[in-house]
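Before reading on, please take a moment to look over the sequence and the fold displayed here. The paragraphs after it walk through the chain from its overall make-up to individual side chains.

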Amino acid sequence: MISVLVVNAQPLQRFGFRMLLESTPDTEIVGEAENGAEAVRWTTELHPDVVLMDIRMPGVNGIEATRRIVAAGGRSRILVLTTFDVDRYALAVLRAGASGFLLEDTRPEELLAGIRAVAAGDAVIAPALTRRLLDAFADRLDDDLCGPVREDPRLDSLTGREREILVAIGHGLTNGEIAQRFTLSESTVKTHVGRVLAKIGARDRIQAVILAYDLRLTLPISASSRASVGGATVVPSRNRSGPIRSA
């Protein structure tokens, strides 16, 4: 059973989420919060598997609440669900440590799939945002795309092979694809990925991808060369080896 804390400033929205979660056999709602401060407090007390987080709330917003929850080091994972698809919100909340970002026009079955994926250690991004997040990196880096790799103490702790694995993660490769590229077994790749995430302090692959772009280990590809995505992109966790799935 997946325990969920619902965080939303609107009572009607919280009621709708409660109805959905209570009617689903493998999910249960353990609490509700109407602002970020309450979200942090209830997460500390209830230890839910997933926090379903809104962004724009009075007082402490969802981005800051996510940052505080992640910094506390608990096991709860954050899935942001909001009507605001502004890129800066998505990137900010993912940087804060969220494991997923979906829009409130997501179908109920897609939301439930996202909750299950995040609870299992995967990371989920709404398809409308996947391309634009990469574009945001390209726009931010702009003419500096060919600059040198940025120095970072987290890279110093990686072996040569682990650094190659990090670059491959930044390119969006699955464990199976990494295994083929470097002629390794998938079990060996899983071990490498786990060590990489632990050494760089990343909760999941999304955080590793952000670091790879920030340090220029991976460069954004042009929008024209990207395939469109039909459903929410699910990035496998360190223990998954299947293809990136679309809901």
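What follows begins with the chain as a whole and then turns to its cores, one helix and its surroundings, the charged pairs, and a patch on the surface.

The coordinates belong to a predicted model, and the values discussed below are computed from it. The chain has 247 residues, of which 50% count as buried, and its secondary structure consists of 11 helices and eight strands. About 11,400 Å² of the chain is exposed, with carbon and sulfur atoms supplying 53% of that area. If one takes the contacts between residues at least 6 apart in sequence, 70% of them join residues that are at least 24 apart.

In soluble globular proteins, nonpolar side chains tend to be buried together. Here the largest nonpolar core has 46 residues, and the members that touch the most other members are Val4, Val7, Met53, Leu79, Val80, Leu111 and Ile115. A second core, separate from this one, has 21 residues, among them Leu197, Ile200, Ala202 and Leu211. To see how a single member of the largest core is surrounded, consider Ile115: with residues up to four places away in sequence set aside, Ile115 touches Ile2, Val4, Leu21, Val50 and Leu79.

Helix H2, which spans residues 36-46, offers a view of how one element is packed, and its buried residues are Gly36, Glu38, Ala39, Val40 and Thr43. Which elements cover these buried residues of H2? The cover includes strand E1 (2-7), strand E2 (27-33), strand E3 (50-53) and helix H3 (62-71). At the N-terminal end of H2, Asn35 acts as a cap, with a side-chain oxygen placed 3.2 Å from the backbone nitrogen of Ala37. Just after H2, His47 takes a positive phi of about 50 degrees.

Strand E2, one of the elements covering H2, contains Glu28. Glu28 has a relative accessible area of 36% and is therefore partly exposed, since that class runs from 20% to 50%. Apart from its neighbours within four places in sequence, Glu28 is in contact with Met1, Ile2, Ser3 and Val4. The C-alpha atoms of Glu28 and Pro48 are separated by 9.7 Å, although these two residues are 20 residues apart along the chain.

The charged side chains can be followed next, as the structure holds 11 salt bridges. In one of them Arg116 pairs with Asp26, and the closest N and O atoms are 2.6 Å apart. Because Arg116 lies in helix H5 and Asp26 in the loop between H1 and E2, this pair ties together parts that are 90 residues apart in sequence. Arg116 is partly exposed at 34% relative accessibility, and Asp26 is partly exposed as well, with a relative accessible area of 26%.

Another salt bridge joins the side chains of Asp49 and Arg75, with an N to O distance of 2.3 Å. Asp49 lies in the loop between H2 and E3, whereas Arg75 lies in the loop between H3 and strand E4 (77-82), so the pair ties together parts that are 26 residues apart in sequence. Arg75 counts as exposed, at 51% relative accessibility.

A salt bridge can also lie within one helix. Arg161 and Glu164 meet in a salt bridge of 2.8 Å, N to O, and both lie in helix H8 (residues 160-170), three residues apart, or about one turn of the helix. An α-helix has 3.6 residues a turn, so residues three or four places apart point the same way. Arg161 is partly exposed at a relative accessible area of 29%, and Glu164 is partly exposed at 36%. Elsewhere, Arg14, Arg18, Glu22 and Glu32 are linked in a network of salt bridges.

Helix H5 (residues 108-119) also contains Glu110. Is Glu110 buried or exposed? Its relative accessibility is 18%, so Glu110 counts as buried, the limit being under 20%. The side chain of Glu110 makes a polar contact with the side chain of Arg107, at 2.8 Å.

The last stop is on the surface, where Leu12, Phe15 and Met19 make a nonpolar patch of about 360 Å². Met19 is found in helix H1 (residues 11-22), and with a relative accessible area of 47% Met19 is partly exposed.

Technical notes
Residues are numbered from 1 along each chain as its sequence is written. This is a predicted model: local features need pLDDT of at least 70, side-chain atom pairs count only at pLDDT 80 or more; totals for chains, interfaces and linings use all residues. Side-chain values use heavy atoms; hydrogens and water are left out. Patches are made of residues with over 30% relative accessible area and no salt bridge: like charges are joined within 9 Å, nonpolar side chains (Val, Leu, Ile, Met, Phe, Trp, Tyr) within 5 Å. Accessible areas come from the Shrake-Rupley method with a 1.4 Å probe; for residues, only the protein chains shown count as cover. A salt bridge is a side-chain nitrogen of Lys or Arg within 4 Å of a carboxyl oxygen of Asp or Glu. Helices (H or I, at least four residues) and strands (E, at least two) are DSSP runs, numbered from the N terminus. Buried means under 20% relative accessible area, exposed over 50%, partly exposed in between (1.4 Å probe, protein chains only). A nonpolar core is a set of buried Ala, Val, Leu, Ile, Met, Phe, Trp, Tyr and Cys residues joined through side-chain atoms within 4.5 Å. Contact means heavy atoms within 4.5 Å. A polar contact is a pair of N or O atoms within 3.5 Å; within protein, one must be able to donate a hydrogen and the other to accept it, and residues adjacent in sequence count only if both atoms are side-chain atoms.
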